[in-house]
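Subject: Structure handover

Hello,

Here is the structure for you to look through. My notes on what turned up follow below.

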Amino acid sequence: MSEISGFVERRKHPRVTISSGTAALLTNSEVRMGKIVDLSMGGVGFSYTAKTDEEGPVTGEHSRIDLLMHDSDFYIEKVPCRIISDFTVHNRLSLDHKSLHRCGIAFEKLTPAQKAQLEYQIQINSSEAVAKSEHLEKELKKSEEKYRIILESIEEGYFEVDITGNITFFNSSMQKMVGYRPEELLGLSYRSFTNAETARRVFRAYNKAYRTGVLPVPFDWELLKKNGEKIHVETSLAFIRNAEDQIIGFRGIARDVSMRKKIERELLYMASHDHLTGLYNRGALFERLRETIAYAKRFNLKCALLFLDLDNFKSVNDTYGHESGDFLLKEAAVRLLSVLRETDYICRHGGDEFTIILSNPENMNPVRVAEKVIQRISDPYYIKSHQIDFITTSVGISIYPDDGADVDTLVKHADKAMYKAKKRKNRYICFNKGKFTKKLDLEFN
């Protein structure tokens with residue numbers, strides 16, 4: 001058998017790839033240890049590490065080989081063979097920098113027992129490969145079924161989108177969340193669920209994740225259902241990658257956080273508003289006044305603070321009860337809102353005290369505002385068939401920067417002016433740099 005014909009002969013036979021096996025090749029009284037590459041009735045694919053680069057080829061030489069396949073503990077001893085090919089490949093990555101010899105081995109003659117054992121082993125290996133494949137397929141189906149059951153059992157919406165943002169997969173919770181039928185939802189773009197501004201924000205988050213490979217932290221966005229209803233969802237993302245580890249899409253969990261958002265808005269409202277009148281509270285006053293002063297300082301403008309207190313309010317509580325007193329306070333808040341502009345900031349400072357910030361420099365006339373407030377507050381109140389016509393108000397006015405350059409000073413001087421007015425009631429007094437006058441020595445446009 002020639003070298004080429006021996007190689008061809010080996011290739012005629014069915015081959016079995018060996019994932020883990022070793023062999024010992026004996027030739028010229030030398031033993032070369034190596035690894036089995038494949039096995040067939042025609043021969044054995046065999047590779048081994050040479051001791052030195054000077055070792056010559058062994059093509060054409062007769063030898064014998066001992067085979068051990070670790071996958072099945074199969075062992076054949078002293079199989080006679082003939083080397084049909086032998087060549088050297090230099091592997092510079094090996095730690096010992098030795099050459100790697102690879103050779104093809106053709107069987108010359110097997111005993112009947114060896115041949116039967118080899119045929120049996122090839123059959124077993126083939127059967128095991130088929131059984132392993134079938135087992136893996138069953139396990140994959142079981143895993144997919146378990147995955148589907150888990151996704152369908154969670155309350156959160158699960159979705160997968162391609163790189164352009166079109167939906168490729170979703171669970172029933174996601175479908176119910178957006179209100180589309182399954183056939184409508186599949187292939188739909190995320191842009192269909194929100195307005196243009198939110199769509200741009202979501203796109204920026206997805207695009208940044210795609211470019212950087214860094215997933216965004218869970219983020220909230222407003223989702224528009226098919227029926228037009230708006231809900232808030234919190235979305236967590238993960239990448240979908242292909243076999244080459246390239247990002248080809250996103251998978252995510254969407255949680256309906258509309259109730260949480262509502263509670264947050266209510267808590268924020270409660271933190272800055274008076275629960276009885278709905279006006280801003282004392283804390284909001286200081287925050288807004290600080291912002292107004294900073295703006296006025298930056299652009300060299302003026303602003304005014306009105307501090308007012310209801311006269312004779314205690315008589316309402318004593319005569320008609322606290323419930324009537326609360327009703328009167330709410331009515332007073334409505335009247336204040338009716339005479340002031342949208343740019344004016346009204347707060348309930350506490351009890352029967354109110355404050356007003358005038359921040360519109362183009363048409364700011366605190367004296368005129370005080371006169372309108374006094375007139376409107378003094379109109380009779382009708383509570384539970386009772387006419388209450390003895391409520392008036394006293395107003396103190398301070399001006400930035402004339403009467404104070406900071407929040408505390410401006411509030412303190414408006415408060416002092418208000419107590420000065422309250423001595424005679426139903427009037428306003430301007431702090432006016434400590435002069436306490438009804439008219440200001442200032443010109444307001």
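The largest cavity has a volume of about 120 Å³. Bear in mind that this is a predicted model. Which residues line the largest cavity? They are Phe159, Val161, Gly165, Ile167, Met174, Tyr190, Phe193, Val202, Tyr206, Trp221 and Leu223. By class, that lining holds 10 nonpolar residues, 1 polar and no charged. Three elements, β8, α5 and β10, each supply at least two of the lining residues.

The count comes to 2 cavities of 30 Å³ or more. The second largest holds about 40 Å³ of space. Its lining consists of Thr292, Tyr295, Ala296, Leu301, Lys302, Cys303, Ser359 and Pro361. Helix α7 gives the largest share of that lining, with 3 residues. Here the split is 5 nonpolar, 2 polar and 1 charged.

Now the sheet that contains β8 and β10. This is an open sheet of 5 strands, in the order β9-β8-β12-β11-β10. The pairing is antiparallel. Its edges are β9 (167-170) and β10 (219-224), and each of these pairs on one side only. From one strand to the next, the twist averages 35°.

Take β8 (residues 157-162) as a way in. Strand β8 pairs with β9 in the antiparallel sense, over 3 bridges. Val161 stands opposite Ile167 in β9. Both Val161 and Ile167 are also in the lining of the largest cavity.

Two helices go with this sheet. Helix α5 (residues 196-212) packs on the sheet and touches β8, β10, β11 (230-241) and β12 (247-256). The direction of α5 makes about 135° with that of β10. Helix α6 (residues 258-272) lies across β10, β11 and β12. Its run is at about 125° to β11.

There is another open sheet of 5 strands, with the order β14-β15-β13-β18-β19. What kind of pairing does this sheet have? The pairing is mixed. Edge strands here are β14 (345-350) and β19 (428-430), each paired on one side only. Neighbouring strands are turned by 20° against each other on average, direction ignored.

Inside this sheet, β13 (residues 303-311) and β15 (residues 353-358) run antiparallel, joined by 6 bridges. Leu308 stands opposite Phe354 in β15. Helix α7 (residues 282-298) lies across β13, β14, β15 and β18 (392-400). Its direction is at about 140° to β14. This is the helix that gives 3 residues to the lining of the second largest cavity.

One helix pair is left to report. The axes of α9 (residues 322-339) and α10 (residues 366-377) come within 10 Å. They cross at roughly 140°, and the crossing is right-handed. Which residues meet there? From α9 come Ala332, Arg335, Leu336, Ser338 and Val339. From α10 come Lys372, Val373, Arg376 and Ile377. The contact of α9 with α10 divides into 5 nonpolar residues, 1 polar and 3 charged.

If you want a route through the model, start at the cavity lined by Trp221 and Leu223, among others. Then follow β8 across to β9. From there, go to α5 on the sheet. Next, look at α7 where it lies across β13 and its neighbours. Finish at the crossing of α9 and α10.

Best wishes

Notes:
Residues numbered from 1 in each chain as written. Predicted model: local features only at pLDDT ≥ 70, side-chain atom pairs only at ≥ 80, totals over all residues. Heavy atoms only, no water. Pairing = 2+ DSSP bridges. Helix = DSSP H or I, 4+ residues; strand = E, 2+ residues; numbered from the N terminus. Axes fitted to C-alpha atoms, helices over the stretch in contact; angles between N-to-C directions. Contact = heavy atoms within 4.5 Å. 1 Å grid on protein atoms, 1.4 Å probe; cavity = no way out; pocket = protein on both sides within 12 Å on 5 of 7 lines; lining within 4 Å. Points joined across faces, edges and corners; volume = space filled by probe spheres on them. Nonpolar A, V, L, I, M, F, W, Y, C, P; charged D, E, K, R; others polar. Left-handed = near helix turned anticlockwise from the far one by under 90°.
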